[in-house]
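Dear colleague,

I am passing on the structure we spoke about, and I would be glad if you could look through it at your bench. My notes on what was found follow below it.

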Amino acid sequence: MGGSKKRKRKRNEEQRGGTVYSERENPPDFALLASLYPEFHPFVQFLHSHSRPTIDWTDFNATRQLTRVLLHHRHALNWWIPDGNLCPTVPNRSNYIHWLQHLLSSDIIPNTISSDGKFRGFDIGTGASCIYPLLGASLHGWSFVGSDVTNVAIEWAERNVNSNPHISQLIEIRKVQDNASDPCVEVEESVNGDKIALCGSTDVEVAPLPLDLHACENRNYHGPPILVGVVRDDEKFDFCMCNPPFFESLEEAGLNPKTSCGGTSQEMVCPGGERAFITRIIEDSTQLKDQFRWFTSMVGKKSNLKYLTSKLWEVGVAVVKTTEFVQGRTCRWGLAWSFLTPLQKTPVSLPDKKNTSFMLEGLQRQYAAINVLEAVNSYFSSHGLSCTLNTSSFTVDVAAAKDDCDLILRNGLPIINKSIDCQPTREASSGSSLNLSSERLCFYISVFQQIPGTLLVKGSLQDRNSTLSGAFSMIFQKLEEALRDKFCTK
């Protein structure tokens with residue numbers, strides 16, 4: 001129990017917010033929401049008398065109704081989107097807003113724009129949901145410009161704003177002009193029988209980005225304006241924010257059969273994916289450095305976070321900040337930067353030495369997060385380490401005595417047997433209770449779903465002052481090698 005409370009406090013500290021959604025242990029009460037909102041009740045599944053009610057996460061109508069009732073119940077917001085549009089998860093979006101509040105209220109950089117505390121933001125690609133302006137205005141009284149390209153997104157964003165007259169005067173919806181010269185052609189992709197227009201390459205010449213994105217020439221961003229050409233010359237903002245298109249193709253976007261949040265091609269897909277899209281934001285920020293205090297974006301892949309951070313230092317930013325948004329089994333990152341000179345020397349964002357992680361990419365289709373979690377448990381318990389597996393929080397707590405660490409450091413642990421059949425279990429405890437001690441190395445491993453085919457595996461040391469803490473990074477490195485050997489395509 002003590003370890004669980006410590007992890008919960010750690011997550012709250014990392015996310016810098018008082019959001020009600022920041023804890024895995026405190027999910028929305030579906031039974032209560034079903035009783036308060038009759039239209040939500042048909043989507044709630046009461047599977048067992050002793051289990052929590054749930055919904056079918058693969059049903060778009062269920063996830064859309066959940067978002068609607070959460071926004072109304074928690075934030076007094078009226079909201080709806082048409083079929084097929086991206087349905088935002090309220091907890092994840094709220095965590096982003098709370099992180100921004102922390103940045104804006106800090107004294108990291110000077111407040112050169114909103115001296116009265118009434119912050120103004122620019123939401124890149126606000127979508128039909130207009131979720132960020134609605135949350136920011138209702139929670140903190142911020143004003144927003146929300147931009148988008150498609151007529152459907154603009155129409156429904158305006159509807160959602162006008163459905164909330166108590167904050168409507170704070171939000172402007174702005175149409176981005178998709179110039180005819182933009183290299184976008186219709187490429188037909190079939191998804192559930194429907195044909196969707198995607199951007200593809202053409203012979204139209206576009207000025208290349210100064211930043212070298214990839215060796216592959218077609219992975220630079222080609223599309224409508226993002227900030228330059230949309231932000232007016234006389235405008236100033238405290239921040240911009242963005243939930244970028246994470247994927248390079250609709251095929252990649254549709255690989256996860258376990259959830260259904262909808263999403264049009266414009267919302268989900270960009271040639272070059274999020275890396276190209278956010279790199280264009282970085283390039284735009286060099287031209288608009290005097291019009292924004294903070295530039296920010298959400299990031300879906302940790303490997304992209306490292307790449308983008310290095311690009312920011314290349315273009316001469318003064319401050320870079322990152323954070324981690326953990327919600328259930330999903331992990332995302334926040335990236336923020338500024339060209340303003342810091343008020344005080346602030347350390348570059350580096351990982352806490354207590355925590356380390358890696359991305360398990362190229363996961364074979366027959367494997368899911370639960371299989372990896374079970375393999376982590378088998379990896380340690382089969383070699384005599386004390387383990388406790390928790391399938392509800394997707395963690396494995398591990399404790400190693402001094403002799404165990406000496407043996408590991410001397411001989412190492414062999415690779416996971418490829419014949420291990422990993423089946424999910426409700427209860428798992430292959431050792432005694434875990435007690436922190438200077439003579440025991442105690443840590444836990446967490447597994448988070450990223451985009452389809454990609455998992456984040458995170459290791460967290462529970463006592464950095466342990467005399468055995470030096471063995472932690474070597475043990476975690478060997479675990480990474482074992483998992484890649486078992487689960488990833490060669």
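To begin with a small point, in which helix do Glu-480 and Arg-484 lie, and how many residues apart are they? Both belong to helix 13, where they are 4 residues apart, which is about one turn of the helix. Please keep in mind throughout that this is a predicted model, and that every value below was computed from it.

Salt bridges

Side chains of opposite charge can pair when their charged atoms come close. Glu-480 and Arg-484 are such a case, since their side chains meet in a salt bridge with 2.9 Å from N to O. Glu-480 counts as partly exposed because its relative accessibility is 22%, and Arg-484 is likewise partly exposed, with a relative accessible area of 31%. Elsewhere, salt bridges that share partners join Arg-120, Glu-172, Arg-174, Arg-232 and Glu-235 into one network.

Within that group, Arg-174 forms a salt bridge with Glu-235, and the closest N and O atoms of the two are 2.7 Å apart. Arg-174 lies in strand 5, whereas Glu-235 lies in the loop between strand 7 (194-198) and strand 8 (237-242), so the pair ties together parts that are 61 residues apart in sequence. Arg-174 and Glu-235 are both buried.

A further salt bridge is formed by Lys-458 and Glu-324, whose closest N and O atoms are 2.8 Å apart. Here Lys-458 sits in strand 17 and Glu-324 in strand 10 (residues 319-327), so this pair ties together parts that are 134 residues apart in sequence. Lys-458 is buried, as is Glu-324. For the structure as a whole, the count comes to 11 salt bridges.

Positions listed as a binding site

The UniProt record, which is an unreviewed entry, lists Arg-93, Gly-125, Asp-148 and Asn-243 under "binding site". Arg-93 is found in helix 4 (residues 90-105), and it counts as buried because its relative accessibility is 9%, below the cut-off of 20%. If its neighbours within four places in sequence are left aside, Arg-93 is in contact with Leu-86, Pro-88, Ile-131, Tyr-132, Leu-135 and Asn-243, and Asn-243 is itself among the positions in the UniProt list.

Gly-125, by contrast with a helix position, lies in the loop between strand 3 (120-124) and helix 5 (131-140). With a relative accessible area of 40%, Gly-125 is partly exposed. When residues up to four places away in sequence are not counted, Gly-125 touches Ser-147 and Asp-148, and Asp-148 too appears in the UniProt list.

Strand 3 and its surroundings

Gly-121 is located in strand 3, and its relative accessibility of 0% is why it counts as buried. Apart from residues up to four places away in sequence, Gly-121 touches Ser-143, Phe-144, Val-145, Phe-237 and Phe-239. Gly-121 and Arg-293 are 172 residues apart in sequence, and their C-alpha atoms are 10.0 Å apart in space.

Two helices and what they pack against

Helix 6 (residues 151-162) has 12 residues, and from its first C-alpha to its last it reaches 16 Å, close to the 16 Å expected at 1.5 Å a residue. Its buried residues are Ala-153, Ile-154, Trp-156, Ala-157, Asn-160 and Val-161, and these pack against helix 5, strand 4 (143-148) and strand 5 (171-175).

Helix 11 (residues 369-381) has 13 residues and reaches 19 Å from its first C-alpha to its last, close to the 18 Å expected. Helix 11 is mostly covered, with 12 of its 13 residues buried, including Asn-371, Glu-374 and Asn-377. The buried residues of helix 11 pack against several elements, among them strand 12 (355-361), strand 16 (440-449) and helix 13 (472-487), the helix that also holds Glu-480 and Arg-484.

Cysteines

A search of the whole structure finds 0 disulfides. Cys-130 counts as buried, at 0% relative accessibility, and Cys-387 is buried as well, with a relative accessible area of 0%.

With best wishes

Methods:
Residues numbered from 1 in each chain as written. Predicted model: local features only at pLDDT ≥ 70, side-chain atom pairs only at ≥ 80, totals over all residues. Heavy atoms only, no water. UniProt positions renumbered as here; feature names shortened; annotations may be inferred. Helix = DSSP H or I, 4+ residues; strand = E, 2+ residues; numbered from the N terminus. Buried < 20%, exposed > 50% of the residue type's maximum accessible area, 1.4 Å probe, protein only. Contact = heavy atoms within 4.5 Å. Expected span 1.5 Å × (residues − 1). Salt bridge = Lys/Arg side-chain N within 4 Å of Asp/Glu carboxyl O. Disulfide = S-S within 2.5 Å.
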